[in-house]
Each structure stands twice: as C-alpha cells, then as structure tokens.
Amino acid sequence: MPNDSVHVSAMGRKDSVWSLGEGQAPEDLDKPIDTPPLSSLLIESPQGGSITVGGDISFVAKVEAKDLLRKPTIKWFKGKWMDLASKTGKHLQLKETFDRRTKIHTFEMHIIKAKDNYAGNYRCEVTYKDKFDSCSFDLEVKELEQSQSVDIRSAFKRREPKQEETPEVDVWEILKSARPDQYEKIAFEYGITDLRGLLKRLKKTKKEEKKSEAFAKKLDPAYQVDKGGKIRLVVDLADPTVELKWYKNGQEIRPTPKFIFEQKGTQRIMVINNCCLNDDAAYSVAAGEEKCTTELFVKELPVKITKEIEAVKTTVNERIELECEVSEEGAQIKWCKNGVEVPTGPRSRYRVKSEGLKHWLIIDDASKEDTGTFSVMASGGTSEAKVQVDLKPLKIIQDLQDMTVLLGQPLKMHCEIFPGNVPGRWYRNGQLIQSNDRINILQRAKNHRLEIANSTIHDAGDYTFVPEGYSQSLCAKVHIIDPPRVHLESLNFPDNTVTIVAGNKLRVEIPISGEPAPRVVWMKGERVILDSGHRVRAETFTDHTSLTIDIAEKEDTGNYKLVLQNEAGEATASVKVKVVDIPDPPEVPLVPEVGGDWCSMTWDPPIYDGGSPILGYFIERKKKQSSRWMRLNFDLNKETTFEPKKMIEGVPYEVRVFAVNAIGVSKPSEPSKAFVPLAVTSEPTMLVVDDITDTTVTMKWRPPDTIGAAGLDGYLVEYCIEGTDDWRVTNKELTEKTKYTITGLPPEAKILVRVRAINAAGASTPRTLQHSILVKEVIEPPKIRIPRHLKQTYVRKVGEAVNLVIPFMGKPRPKVSWLKEGQTVDPTQVTIRNTDCDSIIFIRKAERKHSGKYDMKVEVEKHVDTAIVDIQIVDLPGPPQCVKIDEVWGGNVALDWTPPKDNGNAAITGYTIQKADKKTMEWYTCIEHYHRTCITITELVVGNEYYFRIYSENMVGLSEGATQTKDSALIVKEGMQLKNPEYIDHDFKEPPKFTQPLINTFAIAGYNATLNCSVRANPRPKVIWMKNKMAIIDDPRYRMFSNQGVCTLEIRKPSPYDGGMYSCKAINDLGDALVECKLEVKGGFTFSELMQRGVPLHLIDKYMNETKAVVQPEK
C-alpha cells in the first residue's frame, strides 16, 4: 500500500475568511506581544473579549476632539499587518459617530457570527497630524459544547472546496526552507488559518535530532489519509529484539480490528483501518528508552449534492418546499437566500428537515419577500434555484370619486377592493399621508377610508390609494374653494413699513391665500407694476406674491397697493417702502483758529441726511504732503465743531469730515484749506536797562526760551508813562536785535518798558520791567576789564593773526586811546576798532616788529583808567655759531659751540646734536633738548670718520638750518697710527629716479592699505606724498615710511572718500621725479554713514562729486 500515506499538504487556494492569524516567527511564539504606551488621543480603549462560535461582539474606541481641528484617522488591524478596512462585509462592520455636545469621536468594530479562526490579537491605531496612539486587544472564540476542539487539521481542511482539482503542495517543506519573515505570506497564499499552532510544531521538528541507537529509520514527521481509508505507520529497528509499544495521544494502543500490528524483518508496522476524524492525532512508538513521534491528519471527503433543488413559482400565502439529496448521511449543509444564510431558529419563518440523504427547506406562509434565488451549500458542491412568489389579482369594487369641498369642511374619501386583507397607502400629490390628530385612515376588510376633520387649502390635490404589493392604484381629485386673503401680519413690519438701504436689493414676499389661486396686481399710485419690469417688478407664486426692486433708489419711497381677486372674492392691502441711504458729505470744514499743536474746526451738516437722522461725525486729518488719512475720533462727535490736537508744529495739515447715520458713513467732505499749527514764542528773558540819557533809554534782553517752528520774526518794544495804561509802540518795524534805544523821551520822566516777541503765530506774552525807569543820564567812571590771558605776556608766532578784545565800562561813551612804547600806534601796522563797551586790536599777519607794550587809556570826562598789554611775536631761532671739535680720544669726541646770533625773540630752550658717518653721510640724532653749549659724544665706532651738526631750539621749534663741523673726527685704535692714503672721491650724486613705480590698487573699506615704491638718488631726496595732486601733511589717517630708498604710504582703515589718484614725488638738489597710481576703495559709505562718522560736510560733498566723476567714465 505505497499510496495509503502521504505527507501533509494543503491545497493552494485563497481562503475567503478575513482573519489569517498572527505572523510571528517560531522562536517568537512564546514571547508576549508588546503594547505601545497610550498617548493623549484615546480616552477609551477597546478591551479584549471572549465569545462562542457564531456569536457577535463589538469593540469601542473613543477619541476626544476638543483640541483637534479635524477628524482623526483610525485603522483596525488583525495581527501585525492585515488592515481590516478592506475585509468589511457580513461578518465585519466598522462604524464611526461624533457627539457634538461632548466633542467625542466613537469608533466601533462589530464582528458578526464569529468563526473559530477569528480568534487572535487585534490592534487599533489612531493618528492625527504628528500624534499617534494605539491599543492591542485579544479575541477568544470558543467552540460550542457539541463541537470538537480546533486543532492543526483545520489548517488543511478546505472550507470552500472548488470543483477544479489543484496539485497538492507540501507546506511543511516550504515552511522548513522559508525565512521567518515569509511565514505570514506563505500562510496567506496557502490558506493556513492556524499558523501559530503549525509553527509550534514546525519548531519542534527543526530541533536537531540525535542519532538513534534503537531505530534505523524513524517515523516520518507527519502522515495524511482520506476519511475511511487505511494507512501504514512503519519504523525500522536497529535491534529487532527490542520491545516496541505504540501510543496515540500518549495512550498505549492495543491490537484491535482497527489497529493491526505487523512484522517484516526489522520493520514494525501499525495499520489503521477505516480512518475517521477521531484518528486525527499524534502517534508515537517507544523502543526501550527511545521514542519517535509523528502526526496523522485525516482529510474529510467533500459532501456532494446528488439531487439539485428545483425552481418554484407560486402566489402569496402558499406553502413552499425546496428538496435536495446529498452523498452522505448526516452531512452538514447550509441554506442561503440571495447569498445570505437563512435563519432557521424557533421564531424564523424558515424550517429545515432532513431524512437520510434528503434535506428540505420549508416556508409555510409565502410572501412577496420570499422571491429570490435559494441555494444549498455542501462541502463538495452547491445547488441553486429561483423562487417566484406573485400576488393574487386585484379587483376594484368601488373606486375613489372626485370631490369639491369648502375650506374648513370635513373631507371623507372611500374605496373598496378585493382581496380584503391587502393593506394600502394613501398619497396626496405623490406625498405619503400619515395618520395624525386631524387625519384618520381606516381599513375594515375590503373597505378603505380617509377622513379629514377640517379641510385646509393644503388638503387640495390629487389623492391616490395604492394597495400594497400591486402596481394598480385608485385616484381622485379634491378641489377646495377659499376667498383670497393677504397675510400682512406675518411680515412683522411696524406699520407695514419696509425700510431698505439705497443701492441694495429689496424683495418683499407677502403670503397670500385663496382657492383657486387669486389674480394679483401691484400698484404704486396709478401705475401698475408688471412682472416684466426691469428694475421694479412684481411676481406671484402659489402661496405668496413678491415685490422686487433690484437697486433701490430714493424715488422708490412711497405706498404700494396690493389687489387680489378670484371667483370667491377680492382683497386689498398696502405696504409702505422707505428707502434710506448714507448721508451726503458734509460741507468743506473751516479752520478759524490754529495753535501750536491744535486747531479748531467747524463745518455745516450735509444737505441730505439719507432719510435717517445724522448720528454724528468722524474727523480725519493728514499731512499735506502725505496721502495717509488718520482717524481722530473713534466715538461719534455729536457737534459740528471739533478741536484736533497733538499735531506737529510747523507741518501743513488738512482735515476732512464724514457724516454718520444709522445706514452708514458718508463719503468724506472736501479737504479743508491747508493750515500750519504754529505757536507764539515764550516771553523774552532777562530784560534790563542798558543805558540811560536825558532823552533816551536803551534796553537789552535775551531771546525767548521757547521759539517753536514758526521761528522769530523780531521784537516789539513798548513803553508807557508811570501811572497810565497808554502803551506806545516805539519801533514801527520789528527789530531783530535784542537791544533797542527808545528815543524822544521827556527828561526826568518815569516810564515802564515791556518787550514782545513776534512770529507768524502772533505776539508773545510781554516781558515787562518790574520797576520804573527815570529818564536822566548817570555818569559812570571808566573801568577797563583786562581778560585773564592778557594780564601776562601775550605770545604769538610770526605769521599768525592777533585779535585782542579788551572790554571796558563807563558812561557816557568813554574815549579810548592807544600808545606803543610811548608812541602813537601806526594804523597801517595795527588796526584798532573801538565800540561803546570794548576796544579791539587786530594784526592780520604778525611780525617781530609788532612786539612791545601797548598802553590803553579810557576817559569819561575827568575820570581816567589805563591798562598795559604786552605782545611778544616769536620766530624760529638761527643755527648755533662756531661748532668745532675740541678733542678726540678713544671712541669719544668733545664738541663746543656758541649760542645762535638770532634767538627768534624767545629764549633758547635747548640744542639737538646729530652725527653722520663720512661714508654714508646719513645723519642720526645723538641727543635732543640739550641745554649746555659743550658736549662729549661717546660710543663711536673705531675706524669710522664722523661729522657733527647742531640745531638750536626755542619755544617755536628747531632752527631751520644746522651748523656743521668743518673738520671730521677719525676714531682710531689707541697705539696704532694709520696713514690714510689720499683718494679722489667719486661723485655719487645723481637726481631722483624711481626704480619701482606705484601700482594701481584696490582696497577694502575698513582694512589698512599700503602703497609702495622705490627711489634712488644722492643726496638723499625729500619724499612728498600727494592725493589728487594735494600734498598729504599732518593727516593722522596716513603714515609715511622711507627705508633704504623704499617709500611706503599706509592708509589707515580707508573709506570710499580715500579713493583717488595718489602720487609720490622725490626732490633733491639735482632734480625731481614723480610716480602715480589709482586707488579704489570697495564697500563705501552712504551720505548718512559719513555724517555719523563725523566727516565734515565739505569733505562729504567733495567725496560725492568724486564718486560721480569716477562712475560716469566707467559707464
């Protein structure tokens, strides 16, 4: 019997069940499944549960939406990967609801008629933007008590066998060779539902087997046999004498007709006859201490339908029996209607019956709903047939009659049909009629009645009675007569007046009633409004009429008359239309008064108020040069005057006004004439008497503390005689000076004086002298006030200007005279100018001859005051005289000289001594600010020959020239005499020549830049640096170096202003030479940046012009 046993295999198919179990590797089966931690989304998580096969269960998850802007996304999963959204159907339903009061989303998953393979782990995931929450729960499905427990064979049974045979596939071998991450895919492909149990057994088979000592060949891991067939389990013993025992599920097997034991050499065979489902178990054989195991799977043969069910056609209330025969007694089959299993419970209309191989589905009282396709399903096939249930023919005994009823009278309709037990529905104008307090629907056997207690207009129409289940219907018309009426009370308009804003669309809908529908006419005065009007038109509908004005205008205001007529009577009504609008703009505002930061303005109300009273005004202002208006009041101004404040003095302003009524804000008025807020100045300060004569009084004062944007035009001086209020203006024209002489006064009169400051805004508050003034001249002795710096010798350098101011006092005006060394001052050399209060000595260009003592004398009648001013004009001294070498010894030279003949009109403060080697004739300073006229120079180099020169120094500086020794000093080593040979000196003199010129350079603003060149000349040249042909002298931004003929100009942190043409000029007695280059500075400064850096305006102006001149040629 070689074909009696085969290895376990499963038919390659796609299972219709939506649950496929967990997808874990064998080594992970015993590990717990981690549940992710909850976040703030789920406020109620679904909980695990347990049901029996065929039961229903629901799982609920709730999410609070208080902080969510939209609905969150929820997904339900079975295991780790299966999304249940695509598996919804008759066994799985997903539902979502939202409670607006509590702001909670509720998500439900309903499992209907659960199957045993629905058990497992489920997961619910909720996402919202970047938030995530999930919850896992378990479902346990228990078998019914009479059913057998589910084991691994369920993975190999075909739930829905197909008619076509497919080749068998060894799933065991596929799983053994597959990776753990492919288990779920294999389970889905081959329809394995209990993957967890299968993988547990696979894990055991994968354990490494030890070499058996008792068995030469063990049992195969698994065997499969058809139900009712026979199978042989064979082992090969290594030791035939070993005692052998067979076990089924751990229980020892004894020999019976079902279990037969055989021996063939070393083979031991157990034969199982007539296999049934109970033989599906784990078998093992023990040989001494060793044991080997296997699994036997019994495959149930499909149940086939041997006799098909037949189609049935009958009428309602008849009995229906559907009969079929199957190939096996006691087989389980399923009856369905239109693909849905029919209920067969105690309260169901369907009954099932079976006898042997026959099965029936019985319907005792057939109805129209029983029409459809019925099918019977067995494990080996399906049979279906159509059932047609028709109605019995309808007979109309009494039809409905047309009726005419007065409004408010009862309405009764009646009909009679056969068969009598057929219910029906009443319709009016196609709308179903339901019973209520006013409408009563009755049925007694064949009679059907519709009764309405008080008929209304809405009860008119086409009435239809439709017997249930029949296509025939009974019809009648009901006509209700009612006189026309206009229902203005429903408009809720006071005094039947409609107010509309101009420019808007007005549509007045007035309910009307009347049966038949009345003819409606709208009129304004004697003019009839037609429904074909363009802007104003009237329209009439079934239950209302309307007056439409597309764009309301002021002329549309008035009474509109409405006339209704029908055969039952006539009705009239009137509606008043009032068109309101925003008011016209107010008149142009006037500004009668202006202050420093305020003004007062007035205006006239608008001519047309828009049909609504003016509630107030809005005021705006703007600067004349600006286009931006600024609202000045946010609360309505009830008056036609206003006082804007907080304006900038000196800036022109304009104001405008808006009128406001209940409709809105008008257009703005025309702007007022431009005005400038100006304030008068404060009063002048420090008003004092400066001088008094017999007929004049001179007053002086200081300018006001506050002048303002209007500036100061001048001053107005007034006086009055003490004891009167007659103030007289002394200056007909304003005086700009802060001093004024009042003339033509009566002698010895007492007067009061006041001064006002005048500007464009007017006169300031007057400053009045607190006491009266006696008009009488007072003699004041002269007094010279010598400034402190003139009380000692006043020293200036030759060429500088001398400008000395010596104030004095005295009345009347003193007489001033000047003498120099007792002689009259020469006016061609010294300029003297005298005023009432001071005397000025001015020398434009001082010379040494201007030195001396100047005597000043001030006279007032017999009173005299004198003062002396000592002026000293100093100059650079001359060079020292007779510089000679007194003695030379070792490395020392003793020098002696006499003071200069010209000390520059100042004391000699010191001398500067320099030395030069005869070979190079480069001079080096030995000592500065030396006070004596003899000195010893030390640390001279042996073998060198030196010349010496001396500068004299006073307070002005070093003398322009120096006196050089005629002889040189040769430094020789002591004890040696060297006779110097006489040579003819070569003439090394040459004019300046640049060996390396300047190069055009780019510099970065803010970073130091250098310009370099080299020059050769003898004697040593004088180097002059120039910018734009202007010599650079004493400018701290530049540093100049010269070393061994290399000339360097360093520009410290240049700016664009430092760009330009730079040149270097070398000059000596034999000639001169010039080189040039262009410097450009990148990253310049704007005008404001140069101002912030303190650059003078004339330099900024020059820089801007130079920049333009450079840019234009480049363009």
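This is a short selection tour of a predicted model.

**Stop 1: the largest nonpolar core.** Select Phe 59, Trp 76, Met 109, Ile 111, Tyr 122 and Leu 139. Of the 26 residues in the largest nonpolar core, these touch the most other members. Now show the strands around them. β4 (57-64), β5 (73-78), β8 (104-111), β9 (120-128) and β10 (131-142) each supply at least two residues of this core.

**Stop 2: Phe 59.** Centre on Phe 59 and list its contacts, leaving aside neighbours within four places in sequence. Pro 46, Gln 47, Gly 48 and Gly 49 are among them. So are Trp 76, Phe 107, Glu 108, Met 109 and Ile 111. Phe 137 and Leu 139 complete the list.

**Stop 3: another core.** Select Val 498, Ile 500, Trp 522 and Ala 538. They are among the 25 residues of a core that lies apart from the largest one.

**Stop 4: a hairpin.** Select 439-444 and 447-452, which are strands β35 and β36. The two run antiparallel and are joined by six bridges. Find Leu 442: opposite it, in β36, stands Arg 449. Two residues lie between the strands of this hairpin. In the turn, Ala 445 has a positive phi of about 55 degrees.

**Stop 5: the second largest pocket.** Select Asp 917, Lys 918, Lys 919, Thr 920 and Met 921. Of the 48 lining residues, these lie nearest the pocket's centre. The elements giving two or more residues to the lining are β73 (910-917), β74 (923-930), β76 (945-953), β81 (1009-1018), β82 (1022-1027) and β84 (1038-1043). The pocket holds about 1,800 Å³ of space. Colour its lining by residue class: 22 are nonpolar, eleven polar and 15 charged.

Note on methods. Residues are numbered from 1 along each chain as its sequence is written. This is a predicted model: local features need pLDDT of at least 70, side-chain atom pairs count only at pLDDT 80 or more; totals for chains, interfaces and linings use all residues. Side-chain values use heavy atoms; hydrogens and water are left out. On a 1 Å grid over the protein atoms alone, a cavity is a set of points where a 1.4 Å probe fits but cannot get out, and a pocket is an open set with protein on both sides within 12 Å along at least five of seven lines; lining residues have an atom within 4 Å of a point. Grid points are joined across faces, edges and corners, and a volume is the space filled by probe spheres set on the points. Helices (H or I, at least four residues) and strands (E, at least two) are DSSP runs, numbered from the N terminus. Ala, Val, Leu, Ile, Met, Phe, Trp, Tyr, Cys and Pro count as nonpolar, Asp, Glu, Lys and Arg as charged, and the others, Gly among them, as polar. Two strands pair if DSSP finds at least two bridges between them. A nonpolar core is a set of buried Ala, Val, Leu, Ile, Met, Phe, Trp, Tyr and Cys residues joined through side-chain atoms within 4.5 Å. Buried means under 20% relative accessible area, exposed over 50%, partly exposed in between (1.4 Å probe, protein chains only). Contact means heavy atoms within 4.5 Å.
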